[in-house]
Amino acid sequence: MVNIAVMGYGTVGSGVVEVINTNGDIINQRAADQINIKYVLDLRDFPGDPIQEKIVHDVDVIINDPEIRIVVEVMGGVEPAYTFVKSCLEAGKSVVTSNKALVAKHGAELLSIARDRELNFLFEASVGGGIPIIRALNSSLTADKIEEITGILNGTTNYMLSKMFYEGADYADVLKEAQQNGFAEADPTADVKGYDACRKIAILSCLISGQQVDFEDIYTEGITEITKEDMMYAKEMDMTVKLLASSKRHGDHLHAIVAPALLGKEHPLCNVNGVFNAVFVTGNMLGDAMFYGSGAGKLPTASAVVADVVDAAKHLHRNIMTMWKNEKLTLLPIEDTCKRFFVRLQGGENERRAEIENIFGGVRFLTVDGLENEFGIVTPEMTEREYRRKSEQLFGVIRMIRLEE
């Protein structure tokens, strides 16, 4: 029997218990042992719930019990999760977590502690919910040098942008609907500002580079400025708008960004809609691959957590996780990256054509029926530095969105 403890009995924690209770026979068969939940840590009591007999309020009960071999951390946030997880590892217990904030901030250190003690620190559910992207990078794709990871890593924003595109809805209306349907938090800041996706691409960047990539260093834009008018231009261009989190190699450097992007219909992420997530990977030997599925939700996330529990149970005395060093990776500055840019401008196309062509050279001009006193352009490919310098010569810039090609 492998005794485990679950720290946190919220949405994901209760999902972990449900997955183990529902699929216990299959899980035990695949773990080649019986997985038994001995403790559940929470500040609350749950009278009437069968879990109450396993509830403890003091983390030291878990840390000091030698029978506990694996600890599941699904509390969220950096503290006290970091202190609890570090103490569990130092006490000789493997840890499984879904906590992207914890992994992005302290992943290198916690992986190092686990390796030194022949334990495991596993975090599949921290990126992409139920999509097995970390396991793929850690095992299936270890023969490849990963050249690019680009993903739709936040279900809330993907749901909202899909609604805005297909239904012509306003940002404020789709946000309210997402909150009513349980797809967005009461405070949606982490999602709509891009912070959630930023932490996830930071973790993936660490894994493919083998070094620490701080999420604070990743250029991040959210979707709060995207409007239904932007979507009208996207349709005119036969494209769509997605919030992309991307990490790409440029020679010896890595460039990471989170921002809305215009995608053509040939792009593999173009038709990923609703609350679904997808991760597009390019390896130097593999070529292209894509992972698609439920990026959030109680049971998909809990399924990924329990899969890590099974992995940890099968490798109780052997570290299996790819390391990344504490040494910080310096990202390629966004100013040095190249793209084409879509720009919405005030005024009339004919009146401003000469001015625009004088600044940018050959551009594609766009107008949309129903939108008056404005037009759009698509620039030639140029660096962000060059675009910013040229755009400073323009008046009446309404919006800029990068093209992903």
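**View 1. Valine 343 in its strand.** Buried, as the word is used in these legends, means a relative accessible area under 20%. In this predicted model, valine 343 has a relative accessible area of 0%, and it therefore counts as buried. The residue belongs to strand β14, which runs over residues 341–346.

**View 2. The surroundings of valine 343.** When neighbours within four places in sequence are left aside, the residues in contact with valine 343 are Phe375, Gly376, Ile377, Thr379, Tyr387, Val397, Arg399 and Met400. One of these partners, Phe375, is 32 residues away from valine 343 in sequence, while the C-alpha atoms of the two residues are 8.5 Å apart in space.

**View 3. The largest nonpolar core and a separate one.** In soluble globular proteins, nonpolar side chains tend to be buried together. The largest nonpolar core of this model comprises 121 residues, and Phe123, Ile133 and Leu204 are the ones with the most contacts inside it. Helix α10, spanning residues 195–209, gives the most to this core, contributing nine residues. Another core, of 14 residues, lies apart from the largest one, and its members include Leu345, Phe365, Met382 and Leu394.

**View 4. The contacts of phenylalanine 123.** Phenylalanine 123 is among the residues with the most contacts inside the largest nonpolar core. If residues up to four places away in sequence are not counted, phenylalanine 123 touches Thr97, Val103, Leu111, Ile134, Ile203, Leu207, Asp308, Met321 and Trp324.

**View 5. The largest cavity and its lining.** The model has one cavity of 30 Å³ or more, and the space in the largest cavity amounts to about 60 Å³. Its lining is formed by Leu244, Ser246, Ile257, Ala259, Pro260, Ala261, Lys339, Arg402 and Glu404. Two or more lining residues come from each of the elements β9 (239–250), β10 (253–264) and β18 (397–404), and β10 gives the most, with four residues. By character, the lining residues of the largest cavity divide into five nonpolar, one polar and three charged.

**View 6. The span annotated in UniProt.** The unreviewed UniProt entry places the feature "domain: Homoserine dehydrogenase catalytic" at residues 132–310. In the model, this span is 40% helix and 27% strand, and the C-alpha atoms at its two ends lie 14 Å apart.

Definitions and conventions
Residues are numbered from 1 along each chain as its sequence is written. This is a predicted model: local features need pLDDT of at least 70, side-chain atom pairs count only at pLDDT 80 or more; totals for chains, interfaces and linings use all residues. Side-chain values use heavy atoms; hydrogens and water are left out. UniProt positions are given in the numbering used here, feature names are shortened, and annotations may be inferred rather than shown by experiment. Buried means under 20% relative accessible area, exposed over 50%, partly exposed in between (1.4 Å probe, protein chains only). Contact means heavy atoms within 4.5 Å. A nonpolar core is a set of buried Ala, Val, Leu, Ile, Met, Phe, Trp, Tyr and Cys residues joined through side-chain atoms within 4.5 Å. On a 1 Å grid over the protein atoms alone, a cavity is a set of points where a 1.4 Å probe fits but cannot get out, and a pocket is an open set with protein on both sides within 12 Å along at least five of seven lines; lining residues have an atom within 4 Å of a point. Grid points are joined across faces, edges and corners, and a volume is the space filled by probe spheres set on the points. Ala, Val, Leu, Ile, Met, Phe, Trp, Tyr, Cys and Pro count as nonpolar, Asp, Glu, Lys and Arg as charged, and the others, Gly among them, as polar.
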